[in-house]
Amino acid sequence: MARDLNLLPETLGQETKAEEKKKFSTLLSLGVLLLAGVGVLFLFAFQMMKRNELANINTSLDTKAKSVGELNEVEGTVRALDIKLNRLSQVFNSSIDNSKVLQDLTGLTNKDITVTDVSFNGNSLFVVGGLAASSQGFNDFLTNLLSKETENNLFKNITLKSFSKSSDKDGYRFSLSMIPIVVKNASASAKAVSF
Amino acid sequence: MFKNFNLAKISYVFIPTITIIVVFLLVPFIFIPFWQKIGNLNKDIAEGNDRYNQMVSKEKKLKEISATEERGKLVKVTVALPSNKDIPSLIVGVKRMVQESGMSLESMQLNVGQVSASSTAMVMSGSSFDFKVTLKGSLEQLQGFLNKAQSAKRVFIVKSFDGTSGNTSDNLLTVTLSMSAPYESLPESMGDASLPLPQNNSALDKVFSKVEKLVNYTLPVNPSQTGKDNPFE
């Protein structure tokens, strides 16, 4: 069977160009494939390098942990001290200086006042009961207390719960409740020296 | 059938097509997972480096710390806050405080098996041992006792108290105090290489210097000799 051959110079040029384009695209594709392969290899190698680096760090960490572990006793002591001091700090900061409150309270009394009942309910409420030899003596005591309430430096919410003539003794029975302005136990160290 | 088969012609079409397909498949199935793995590894390496640096600084700090000094401190702090209820020293302490304040100890109610679960407003966390003491004395003596209770090295908390002199002529108050003695038990193993060391804290240093100044009432007062050297004499 005969083949049609077109041997015109223009046609031959066009065919050569088409062939070149095809070759170029093939070579380009092979190049891209090669690059992709190199990329994959590079990523794999890079990952292996990173894995190796991580393994080295883990080995160093283990070695360091062992040498730190040899100082375990010191660390335990430091940690125990920290736990106990933190707890003590909480205790010191949350306790009320009852003796200071009582001292402040008795400092406001006078010779006519005898304290016969005193209680603290744990929620900062102090209740004081007693016998006043005269109503004037009780007035002075109450005025002193209320002035402290106004100054807002000792007690607040002072309430006279009862005041009546004593049935068994000369004078008047009274009962007062008050909330001390919270005095934390912080002054304990200063007081401790005096003992 | 194969008369029009042209290998060169197929390769021109096949290779670019395969390339495009391979590249499109490589991105989601190879490049992105690899990239993510490398990202994770970088993160682990950074964390590992941080931990290593922390451990180096921890080791340096631990070597700088005097073990003897710290142990001494811990012993002092343990007197203030024992690791258990330590009831014997508690009784000695209370008796001595009562004695020194001039009051008389009427009764002491200890519930040995009971542990307060620190739910009170007074103690914020940890355990404490609650007990009650009934004392008799003047208001000034009570004040003195409360003062001692707050300056005692074995830390006590007066949770509440209730006192009355009733109709007695001596005007002495009979006071029932509800008290609490905090304690802190420690875990068996305290050293943990993976944890950072507690930071130096000036507030805690103040607490320690305060503890040092507190008075130790838990030492027995003039222990008198009891019994005989030879019971058969």
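Two residues are taken to be in contact here if their C-beta atoms, placed from the backbone, lie within 7 Å. With that criterion in hand, load this predicted model and select the residues at which the two chains touch: the contact takes 72 residues from chain A and 80 residues from chain B.

Stay on the chain A side of that selection and colour by secondary structure. Helix 1 (9-69), helix 2, helix 3 (98-107), strand 1 (113-120) and helix 5 (188-194) of chain A each supply at least two residues to the side that touches chain B, and helix 1 of chain A gives the most, with 25 residues. Recolouring by residue class divides this side of chain A into 30 nonpolar, 27 polar and 15 charged residues.

Next, select residues 72-94 of chain A and residues 67-80 of chain B, which are helix 2 of each chain; these helices pack at an angle of about 35°, with their axes 9 Å apart, and their crossing is left-handed. Showing side chains here brings up, among the residues that meet, A:V74, A:L81, A:L85 and A:L88 from helix 2 of chain A, and B:L74, B:V77 and B:A80 from helix 2 of chain B. By class, this helix-to-helix contact has 10 nonpolar, two polar and five charged residues.

Now move to the strands and select strand 1 of chain A together with strand 3 (residues 157-164) of chain B, which run antiparallel and are joined by four bridges. Two of the partnerships can be picked out by residue: A:V118 is bridged to B:G163, and A:F120 to B:F161.

Widen the selection to the whole sheet, which is open, has eight strands with antiparallel pairing, and follows the order 3(A)-4(A)-2(A)-1(A)-3(B)-4(B)-2(B)-1(B). At its edges lie strand 3 (155-165) of chain A and strand 1 (104-110) of chain B, each of which pairs on one side only, while the twist from one strand to the next averages 20°.

Remaining with chain B, select helix 3 (residues 87-101), which lies across strand 1, strand 2 (127-137) and strand 4 (173-183) of chain B and runs at about 155° to strand 1 of chain B.

Finally, colour chain B by pLDDT: the mean is 83, and 83% of its residues reach 70 or more. Residues 118-124 of chain B deserve a separate selection, since there the pLDDT is below 50, although this stretch has 20 contacts in the model beyond near neighbours in sequence. For the model as a whole, the scores are ipTM 0.75 and pTM 0.70.

Technical notes: Residues are numbered from 1 along each chain as its sequence is written. Chains are lettered from A and ligands numbered from 1 in the order in which they are written. Axes are lines fitted to C-alpha atoms, for helices over the stretch in contact, and angles run from 0 to 180 degrees between N-to-C directions. A crossing is left-handed if the near helix is turned anticlockwise from the far one by less than a right angle, and right-handed if clockwise. Ala, Val, Leu, Ile, Met, Phe, Trp, Tyr, Cys and Pro count as nonpolar, Asp, Glu, Lys and Arg as charged, and the others, Gly among them, as polar. pLDDT is the predictor's confidence in each residue, from 0 to 100. Two strands pair if DSSP finds at least two bridges between them.
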